[in-house]
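Q: I have this structure open at the bench and would like a close look at a single part of it, the aromatic side chains. Could you walk me through them and place them in the whole?

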Amino acid sequence: MDYQQKLAEKLTILNERGSGVLIRMNYIKKSCADPKKRPTILTDKAMEPAIKYINKKFPNIDFRGNIQNLTNIQRQKSEVLAATSSYYDSFLDVIEFRDHVYELLNTIDACQCFFDIQINFDFTKSYLDLIITYTSVIITLSRIDDKKALVGMFNCAHEMTNGSSDPSYPRLGQMFVEYEHPWKKLTEEFGPHTKSVTAALLSLRMVYPRRNLPAEQWRSAQLLSLLSAPAAMLDPMCCNTMACEYLPMDVMERWITIGFLLCHSSLNTNQASQELWKMALRSGLYITLTRDEVLNIHKVSEDLFDGFKGYNKRIADIKECREHMIVNGGALHRERRQFLRGALKELFNVLEDEPGLLGPKALYVFMALSFSRDEVLWLVRHSENMPKIKTPEDYIDNQMAELLFHMEKLRGLMRKYNRIVQRYHVQYLAQFDALVLNDTIQNMYVCPEEESVLMSSFVSTLSALSVKQVENKEEFDLRGLRLDWLRLQAYTSVNKAPLPLKDYLDLAKVMNVIQFHTRMVDNVEEMLQETSELSILFSYPRVFEKMFMQSSEEVNMKRYLMAFPVVCSHFSGCGHPLCPEETEAMEKKSLRLCVTFLEQIAKMTGSVVLEICAEQYNLTDKLQPKHCAETISAARHRKQKKPMPKKGEVQKEKPGAESLRKDRTILTNVDKMHMMLTELCSTYGLCTDFVVFEHIVVTTEFLISHLELRLSEIIVRMANYNQATQEIARPSDLLAGVRAYTASLHSLSSYINVDIVRLVKNVLLQQTQPLDSRGAQTITTLYTNWYLESLLRQASNSLIVHCPTIQCFVYQMTDNEPPFRAEEFSDVSELQALAELIGPYGLKFLSENLIWHITSQVSELKKLVIENMDVLVQMKNNYDKPEEMAILKKRLTGGENVLKRMTIIGVILTFRAMAQECLKNILQKHCPYMMGPIEYLRDLISPEVDIKVTLSVFELASAAGLNCDIDPALVAAIGSMQTDNTSIDEEYKLSCLLLVYIAVSLPTLALDPNSFYSREHGGHNNNIHCLAAAVNQLAAAMFTVQSKNIEQHLKEFLLLASSTLLQLGQNVERIESKNRESVYLLLHMIVEQSPFLSQDMLESCFPYVLLRNAYREVYKSFIVTLG
């Protein structure tokens, strides 16, 4: 008969089901209380009369007589059914669960089962868990304010749809009414079960007091210390009540406080019950029902007993216990946490050093984790509901991070060395436990058949285990053995059992030890969940975040901060299949908490790293050549024996003075920052990654992302660009700063395993684009804007002159002080620094902007050509007739404008060529093996090659900074200027006439006093020497687009230009053409820079003697001094 009751199976199934129903009730309560999640059917204004009527008349609602109040339900009956059906079904689950619990509890009472936590642990625990779960379900149900409205609306809609009420509605309505005052009803229900419940609770009178000791006694007993008895370090940790050693305190306190509330009569009749109950009341003010649903146990007990006669003493006991808890509770638990921090640290250090001890001392780990979890849970629920006391600091723990950190380290140690634990316990089970169990069975004088079969299977299962299974990494599954042991406990715990377990204590002791050992083989992860999961923190986000902030403010706690985001990995275990709706919200909330903590840690670490980088940058900046002027000046003063500075003047420290110190104990700011960085980086050692709701979280990625963001901002800030004043840092200064930051960042790799190379590459690569990943401007955009708006704009107005001799731009000598020194931003070293900073991508962006300005000038030139088209056509045909040309030239307008715009184009192309040359030098330094093949490929191109192939190769070469005969970017830009309205022939005609326009306008340059050729600069003072680049590159691009012969048209241009300049030589009035020789040099420059023209071609149309005389003339005014 007892075998057919299946008490073990029913307890297991009902406990699992009850957990789901409890979570479901909690979800409904939270949803109805939260305005954002509240069912729309309850927030609909039109439904308010119906809801009020249902709440007033529940459960006896007249659906026909008062149809006026229920009109809106009638109109939306299908929507109401759909919206409330899941809630209705959930409440039916409560009825079903209650029925099964009633049935099982009555069966257990009928069987007069024996309960003792130290003997039939699993059976007793399951029984007490079921009682507490059932009570928690009922209490949570009673706290749902909208339950009547939801059930009433569903039934109204059901009757209106189907013509009759739901069959379950009367029972459901009756249950809601009965549990209006849940505790009164529950105590009535549990009256018949008082004997069984009290017996189960009194079995805790040895276990609970032993666990509920102050920290002083823990210290004196050297609890959890492996070093207290070195000789016994290798002895296996065994006791008769192994499962009781890590049984959570909050679970026992729930059993005791709620159990004696339900069966309160034993408090007046049994002294032992009273003592146990009072001890539990002194331990805390609140106990957890589920998640953040708590029970103010003193208030509930007092209110309940206040309605019973003869309970005045118990009410006095409650008040006394509450006062005791308020006065002493906070300090007691604070001391426990302090002790556990040290104990866990010592335990972890020993086990990490000798992981082989995890085998014999595994119980120590689970005890340490369970004790720590108890203290965390106590603090969390009391911090959220803190009583009014004089010492609130007892409920604030700014060192919580350390306790959580060591808990996570121990968990990680158990997972890491799981095979060691398995190997040890497999051998223990097979070679010791199986033999002891066999001997125990043999010594039993009574052994019924069913029990005999179970015990024989225990021995055979354990004997079959072998180390080879561990070595072969076979999966173990001993759940069947543990379930059989639970069945055996049930069979042997009923009254008049053939084999009463209480008479065979040796069997119970052996099997309890075996059960723990089997869990070490196949169930370590679940054991870790039982003893150390902190998913309750999910329900207390405010407390959790507050703990993090308090710990982060303590310098010595920063190394433990990573424990907070790692704890978020526990949250995935607090859901249940019966409540799938909350999974998504839980996932988002868990990830939000986790990401918030990781970002805060990354922010703190990043700030310290970048402060160190800033210090290093300041030190590097002191070594810049620009700061040596003062040192040189001081040295000259000493050499010339000039008077020293006065005493009041503070002498500037030399670079390196910060490294001189007389006492190493004196900490500098940099020392403090490095110590802080060491602390913060230590926290990343907890784990490299962890999983939160199937999301793999890599801790260092948050640090890299933060550093990437901050470094991008710092680089842009170091550029020091001011759009109003057009100020910007020199590229070489910025490059020095970037290198200083990069060098300092690389030192981070010695603290923590992060890919700094990837970080720096990402940041610098983003800086080569116009906008970074956040959409903010980069140094590429800043320098492009500055060079276009400041340098080239003034060069276009001839305030800044290009100097081919020193390959840079310089300011013209004027009375006004220039806003900046042009050579400091345009010489080779600066442009190379710019190329180093913004790279090929950045220079491509700069080039595209330069080309855009060129195309705008070309558009204006075409307009001028169209205005003078008739004259230019005649001039092209009559270039060899001086008289005709002189007449036509007078009709020509805008010649100076054409040359001005061509000069601007030339200046832009010259600057672009300088930047390209610097890029080539940088790339040859960084990647010579790539540059060689590109140069070879460019040199292979011949005029016979298809133009598309040519342009493709030139585009590659140009991107690498190589000079090409035809500029592919310019070709593409001019090609895109052609519209559907203009034909290719018209464009060709305009291109030819533009060259004519330029050629016939060249003599006017001689009239400009600024057209003088400067030997010092190697160019003309009005930048007209840049016309050579403009003519060559523009002609090559235009005729490439139009598929015409470039060389032929440049020859025609040379012939026409030579003719007009030769006519200039016939002018006898020297004053009008005083810069004639300087202009002659333009022809030589055009030919010299052109890949399509040669000196022979020039000499055939322009006498070389004139060039020679021109050079002699422009150099005559300079005195060359040698030696």
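A: Happy to! One definition helps at the start: the radius of gyration is taken over C-alpha atoms, and the globule rule is 2.2 Å times the number of residues to the power 0.38. For a compact globule of 1123 residues that rule gives a value near 32 Å, whereas the protein has 45 Å. Please keep in mind that this is a predicted model.

Let us set the scene before zooming in. The C-alpha atoms fill a box of roughly 140 × 90 × 65 Å along the principal axes. Within the protein there are 50 helices and eight strands. Buried residues make up 53% of the 1123 residues. Among contacts with a separation of 6 or more, 79% join residues 24 or more positions apart.

Now to the rings. Searching the whole structure turns up 40 aromatic pairs. One of them is F305 with Y311, a tilted pair with 5.0 Å centre to centre and 35 degrees between the planes. Both F305 and Y311 are buried. Another tilted pair is Y787 with F911, at 5.2 Å centre to centre and 35 degrees between the planes. This second pair links distant parts of the chain, since Y787 sits in helix α36 and F911 in helix α41 (residues 895-926), 124 residues apart. Y787 is buried, and F911 is buried too.

If you widen the view around that second pair, you will find a cluster. Y783, W786, Y787, F809, Y811, F820, F825 and F911 form one aromatic cluster.

While you are in this part of the chain, have a look at S798. This serine lies in the loop between α36 (779-796) and β5 (800-803). Its phi is near 65 degrees, a positive value in a residue other than glycine. S798 counts as buried because its relative accessibility is 16%, and the cut-off for buried is under 20%.

Q222 makes a good companion to S798. Q222 also has a positive phi, near 50 degrees, and is not a glycine. The loop that holds Q222 runs between α13 (215-220) and α14 (242-245). With 44% relative accessibility, Q222 counts as partly exposed.

One last backbone detail involves an aromatic residue again: the peptide bond from F58 to P59 is cis, with omega near 0 degrees. You can find P59 in the loop between α4 (48-57) and α5 (71-75).

Notes:
Residues are numbered from 1 along each chain as its sequence is written. This is a predicted model: local features need pLDDT of at least 70, side-chain atom pairs count only at pLDDT 80 or more; totals for chains, interfaces and linings use all residues. Side-chain values use heavy atoms; hydrogens and water are left out. Helices (H or I, at least four residues) and strands (E, at least two) are DSSP runs, numbered from the N terminus. Buried means under 20% relative accessible area, exposed over 50%, partly exposed in between (1.4 Å probe, protein chains only). Contact means heavy atoms within 4.5 Å. Rings of Phe, Tyr and Trp (its six-membered ring) pair if their centres lie within 6.5 Å; planes under 30 degrees apart count as stacked, over 60 as edge-to-face and the rest as tilted.
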